[in-house]
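Colleague: Please take a close look at one part of this model and set it against the chain as a whole.

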Amino acid sequence: MELFIYLFFALFSVLNPIGTIPIFVGLTQHDEKKERSRISLWTSINVCIILIISFFVGQYILSFFGITINALRITGGIIIASSGFSLLSGKFSKKRGIGKKVQTDVENRNDIALTPLAMPMLAGPGSISLLIAFYQEHHSINEMIISSAAIIAISIIIYMVLRSAHYLSKILGASGIVAISRIIGFLTIAIGIQYIISSILSIVRGI
């Protein structure tokens, strides 16, 4: 249970579905409720698939390219911390590749569930590197089942948040969403820095 809670909240902080609400609302403002539900469902499914693949296959990609786990943790820690800083500074959408140009382009597409919503907005480099590093320390059968359950749980939360995005945006308002995003940003920075510290300590102890 402790492992489930840790991974769930780590993924929630890095993925930050709350911070995605304004972008989702902007991209789906002209869609009907049924279409918004469909996009929400497929976005969560795509995120789940991307995260599951990253968790189980990521280690083999590392081995193929000869990348050490410490190098991945430091890189992932920097990316995760960078995402946290962008949340604190209010530049989240820009950091996730959603500028005015990109937003105009995706508004003209029929399906935005995979890109840009699932990737890179939600399942970006930070969450992928977090899962690859997490697998290195937790790869027993029980741990893999618990980790998969946490990924599925966060995907369900993403679906619920996106499906209620238009409603939540009215309740929370712009200031409410910004406040929550900045709290999550602070936690995300802490997770990123912890990854970097753990990697440096591991290297030093190895020497």
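Modeller: Helices here are DSSP runs of H or I with at least four residues, strands are runs of E with at least two, and both are numbered from the N terminus. The model is predicted, so local features need pLDDT of at least 70 and side-chain atom pairs pLDDT 80 or more, while totals for chains, interfaces and linings use all residues. Numbering starts from 1 along each chain as its sequence is written, and side-chain values use heavy atoms, without hydrogens and water.

Read from the N terminus, the protein chain runs α-α-α-α-α-α-α-α-α-α, that is, 10 helices and zero strands. Of its 207 residues, 46% count as buried (under 20% relative accessible area with a 1.4 Å probe, protein chains only; exposed is over 50%, partly exposed in between). Among contacts (heavy atoms within 4.5 Å) with a separation of 6 or more, 89% join residues 24 or more positions apart.

The part I have chosen is helix α1, residues 2-15. Its 14 residues should span 20 Å at 1.5 Å a residue (1.5 Å times one less than the number of residues), and the end C-alpha atoms are indeed 20 Å apart, so the two values agree. The buried residues of α1 are Leu3, Leu7, Phe8, Ala10, Leu11, Phe12, Ser13, Val14 and Leu15. Just after the helix, Asn16 adopts a positive phi of about 50 degrees.

Ile67 offers a contrast: this residue lies in the loop between α3 (33-65) and α4 (69-89). Its relative accessible area is 39%, which means that Ile67 is partly exposed.
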